[in-house]
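The exercises below ask the reader to work through a protein model, beginning with charged side chains and moving on to strands, a helix and the surface. Each task is followed by a solution in steps.

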Amino acid sequence: MAAAAAPPPPPTPAPEPALTLSQNTPLGHPIFTRIRLATPSDVPHLHKLIHQMAVFERLTHLFSATESSLSSTLFPSTTPQPFHSFTIFILEVSPTPFTDTPTNPFYNPTVKVVNLDLPVEDPERETFRVQNGSDVFVAGFVLFFPNYSTFLGKPGFYVEDLFVRECYRRKGFGKMLLSAVAKQAVKMGHGRVEWVVLDWNINAIKFYEEMGAKILQEWRICRLTGEALEAYGGAE
């Protein structure tokens with residue numbers, strides 16, 4: 001009797017398609033960022049940020065700003081148009097996409113997703129939460145105002161302060177803030193953006209040089225303040 005034929009081998013399963021990610025698929029630990037114009041409601045956060053900056057720069061002995069003085073000088077009742085006087089960009093971060101869109105006729109907020117290798121541990125998240133129940137936190141700011149170059153025959157911007165909270169540093173956020181100022185300068189046809197850096201802050205100097213900024217060693221800051229200002233300003 002003939003042997004029974006061997007059963008046919010099971011069909012080979014078709015290979016599963018390779019997993020592809022769209023360019024919009026977050027990798028690692030995404031953090032959503034937004035740069036917008038500051039408003040009077042930001043003053044409490046700004047005051048805390050400025051104090052932290054004074055601590056970082058070892059200049060707390062010169063810090064005397066109050067929420068009241070910041071509010072009255074940065075946001076007076078007759079507030080000048082942004083970019084024509086003191087102007088502040090606020091950097092906000094969130095672990096989730098922003099659901100609200102602040103509107104301002106002078107500046108459209110810049111929103112960007114940054115993918116980090118590690119999550120950010122923010123020990124001050126409650127202090128810098130934008131509002132109760134939200135997942136949006138203030139991470140930094142830049143304050144700038146107009147100046148003028150007679151050599152160029154063009155206006156420019158002078159950056160007085162640039163600060164990012166410690167847990168958000170070395171992630172490109174400082175560059176984002178400076179870039180926002182530079183883009184606004186280009187948009188308005190300005191000739192340059194200037195700022196100063198402490199000579200001991202090697203990390204900041206290297207960061208600015210990598211951006212293409214020139215560190216002008218031959219210039220020195222001259223400042224009248226306090227009693228000297230009062231004395232000279234009151235002289236006949």
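**Exercise 1.** With which residue does Asp 135 form a salt bridge, and how far apart are the closest N and O atoms? Then describe the surroundings of the residues involved.

*Solution.* The model is a predicted one, and the distances used here are computed from it. Asp 135 forms its salt bridge with Arg 129, and the closest N and O atoms of that pair are 3.9 Å apart, which falls within the 4 Å cut-off for such a contact. Next, Arg 129 also meets the side chain of Glu 126 in a salt bridge, with an N to O distance of 2.4 Å. Finally, consider accessibility: Arg 129 counts as buried at 15% relative accessibility, because the limit for that class is under 20%. Asp 135, at 33%, counts as partly exposed, whereas Glu 126, at 53%, counts as exposed.

**Exercise 2.** Which parts of the structure does the salt bridge between Arg 36 and Glu 92 tie together? Place this pair among the other charged residues.

*Solution.* Begin with the contact itself, in which the closest N and O atoms of Arg 36 and Glu 92 are 2.8 Å apart. Arg 36 lies in strand β1 and Glu 92 in strand β2, so the salt bridge ties together parts that are 56 residues apart in sequence. Both partners belong to the interior by the accessibility criterion, since Arg 36 is buried with a relative accessible area of 8% and Glu 92 is buried at 1%. As a last step, widen the view: Arg 36 and Glu 92 are linked with Arg 34, Asp 42 and Asp 100 in a network of salt bridges, and the count for the model comes to nine salt bridges.

**Exercise 3.** In what order do the six strands form the open sheet? Trace the pairings that involve β1 and β2, and then locate the helix that packs on the sheet.

*Solution.* The order is β3-β1-β2-β4-β5-β6, and the pairing is mixed. The edge strands are β3, residues 110-116, and β6, residues 193-194, each of which pairs on one side only. Moving inward from β3, one finds that β1 and β3 pair in the antiparallel sense over seven bridges, with Ile 31 standing opposite Val 114 of β3. The following pair, β1 and β2, also runs antiparallel and is joined by six bridges, one of the matched positions being Leu 37, whose bridge partner in β2 is Phe 89. Strand β2 (residues 87-94) is in turn joined by seven bridges to the antiparallel strand β4 (residues 137-149), where Leu 91 stands opposite Gly 140. Helix α3, residues 173-187, packs on this sheet and touches β1, β2, β3, β4, β5 and β6, while its direction makes about 165 degrees with that of β5. To close, consider the burial of β1: seven of its nine residues are buried, so this strand is largely enclosed by the rest of the structure.

**Exercise 4.** Which residues make the nonpolar surface patch of about 350 Å²? Describe the setting of Leu 229 within it.

*Solution.* The patch is made by Leu 224, Leu 229 and Tyr 232. Of these, Leu 229 has its place in helix α5, which covers residues 226-233. The relative accessible area of Leu 229 is 42%, so this residue is partly exposed, and that value satisfies the requirement of over 30% for membership in a patch.

How values were computed
Residues are numbered from 1 along each chain as its sequence is written. This is a predicted model: local features need pLDDT of at least 70, side-chain atom pairs count only at pLDDT 80 or more; totals for chains, interfaces and linings use all residues. Side-chain values use heavy atoms; hydrogens and water are left out. Patches are made of residues with over 30% relative accessible area and no salt bridge: like charges are joined within 9 Å, nonpolar side chains (Val, Leu, Ile, Met, Phe, Trp, Tyr) within 5 Å. Accessible areas come from the Shrake-Rupley method with a 1.4 Å probe; for residues, only the protein chains shown count as cover. Helices (H or I, at least four residues) and strands (E, at least two) are DSSP runs, numbered from the N terminus. Buried means under 20% relative accessible area, exposed over 50%, partly exposed in between (1.4 Å probe, protein chains only). Two strands pair if DSSP finds at least two bridges between them. Contact means heavy atoms within 4.5 Å. Axes are lines fitted to C-alpha atoms, for helices over the stretch in contact, and angles run from 0 to 180 degrees between N-to-C directions.
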